[in-house]
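Subject: The structure, and some notes on it

Hi there,

Here is the structure I said I would pass on. Have a look at it first, then read my notes below.

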Amino acid sequence: MPEQYLEEMKQLLNEDYDKLMKSYLELPKKSIRLQLEKISVCKWERLCPFKIDPIPIVDGGYYIDIEKIGNHPYHHAGLFYVQEPSAMLPPLLVSLQKDFKVLDLCASPGGKTLALSNQVPDGFVLANEVNYNRAKKLLSNVERLGLKNVVVSSMSSDALKKIYQEYFDVILIDAPCSGEGMFRKDIVSQKEWSKEKIEQLSVVQKGLLEDSVSMLKENGYLIYSTCTFEIKENEHQIINFLKKYDFEIVDIGFDDYTRPGILIDPDYPTDKARRCYPFLYGEGQFMIVLRKKCQHGSKKIENCLYDLSMLERKIVDDFIGTNLIHFDGIIKKYQNNVIVLPHDMEIPKMTLLSCFVKMGEIVNSRFVPHHQFVKAYGICFKNQCILSISDERLYCYLKGEEIEASVSDGYGVIIVDGYPLGLFKAKNNRLKNHYPKGLRYL
Ligand SMILES: C[S@@+](CC[C@H](N)C(=O)[O-])C[C@H]1O[C@@H](n2cnc3c(N)ncnc32)[C@H](O)[C@@H]1O
């Protein structure tokens, strides 16, 4: 571990330093968080075939002890996300109203997007990730988890602030950081650590905080979190921000599992921030909630979602009539895609990787359903092939093979223990595999 880091931690933590050093001798525990819109805690505890141990504070958070959890069919079915406990906390710091509009500014790979999405079923989350390749990873998690109320973009905060003014009720900045809280889990973060990098990152963090100000509504909440212990990226960053903008720090609790923020400047006390350490809870996290007291002018947005033409609507309705039961999403068009919204909403003109749930496309006057639709609304398909995790055909399907089952001809969905996994197209009880190639078992 970097000498300079250890020296600084000794000064910062005093009597806690020995506990930190002891924690570095232990292995981090593996843990998951449930996709609560799909499965309740009760149902999961009845269904789960491996040993789980609930994580304190987080409803639907569990320690697990199983290898290669990413290969498990329930992971493919989007029942949970692998996440360490302290990273589960930032989306839980504010009690969100169900119709809140939320911006997850630095969202990839999407662990916090999941927790935010679960809390705003009548609102939406704009999950943004500036790095395009990482944004694709974010999208694949949004799809796998079947999130219905999430829009994915890959833009800079500077570009976003030109589109959204006084728009979001909550903005989460889970900022890129020097990752000291990842040192136990990830040797690369130790190797990449340097004072120069901290300087560079603090400039990026400052930009993210400042760009968020005008996008947030008056009285809206700004949640700032990092997975580092470095005061320059945490308390100093916040104090400099508070000197410039009219925000107040909000109480967030969790006192039993965290330490207060470090006191740097008595005029700007930051003890309402919370710090997680590996000897207390999870791996490491700094988090604080600020409430905006100032006002900026809002701007009317120009909607980029369209109604389908009469002909398009007929093609989609024919598909629905033939293939679905109990379907009640709102259908619109975004570019060439037919999309489903959980409730009516407007989205401003901007480039998106995905806009709510991609239902499919109309190709040569026929409707072709998309994998994302199956993950979010697959349970609405009439034609289902229900497999349990002990059925060999499930693993053949996950490998991309054709399987046999007694189903109707046409489109249908593989359901694992009640949860949609992927699409097939059947003829004479042979199920042609439509599970996306990039997701199949190797
Ligand atoms: C700590 S990670 C986010 C983790 C994510 N919130 C989660 O819970 O899965 C920080 C992210 O910020 C992104 N990032 C880096 N520079 C950025 C910038 N200037 N603006 C926005 N995001 C940035 C990184 O690519 C990275 O994906």
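**What I found**

Ala-376 is buried, because 29 other C-beta atoms lie within 10 Å (buried means 20 or more other C-beta atoms within 10 Å of the residue's own, exposed 12 or fewer, partly exposed in between, with C-beta atoms placed from the backbone). Please keep in mind that this is a predicted model: local features need pLDDT of at least 70, side-chain atom pairs count only at pLDDT 80 or more, and totals for chains, interfaces and linings use all residues. Residues are numbered from 1 along each chain as its sequence is written.

Ala-376 belongs to helix H12 (helices are DSSP runs of H or I with at least four residues, strands are E runs of at least two, numbered from the N terminus). Leaving out residues up to four places away in sequence, Ala-376 touches Gly-146, Lys-148 and Val-357; contact means C-beta atoms, placed from the backbone, within 7 Å.

Gly-146 leads us to helix H6, since Gly-146 follows H6 and has a positive phi, near 65°. The 14 residues of H6 (132-145) should span 20 Å at 1.5 Å a residue, and the end C-alpha atoms are indeed 20 Å apart; the expected span is 1.5 Å times one less than the number of residues. Among the buried residues of H6 are Leu-138, Leu-139 and Val-142. The buried residues of H6 pack against several elements, including H5, strand E6 (124-128) and H12.

In H5, nine of its nine residues are buried, Gly-111 and Lys-112 among them.

Now to the ligand. Which residues come nearest? Of the 18 around the ligand, they are Cys-106, Gly-111, Lys-112, Asp-174 and Pro-176. Helices H5 (111-119) and H9 (195-213) are the elements that give two or more residues to this shell. By class, the shell has nine nonpolar, five polar and four charged residues (Ala, Val, Leu, Ile, Met, Phe, Trp, Tyr, Cys and Pro count as nonpolar, Asp, Glu, Lys and Arg as charged, the others, Gly among them, as polar).

Lastly, the largest nonpolar core holds 111 residues, of which Ile-171 and Ile-223 touch the most other members; such a core is a set of buried Ala, Val, Leu, Ile, Met, Phe, Trp, Tyr and Cys residues joined through C-beta atoms within 7 Å. Beyond four places in sequence, the contacts of Ile-171 include Leu-103, Leu-105 and Met-215.

Best wishes

Definitions and conventions
Near = placed C-beta within 6 Å. Contact = placed C-beta atoms within 7 Å.
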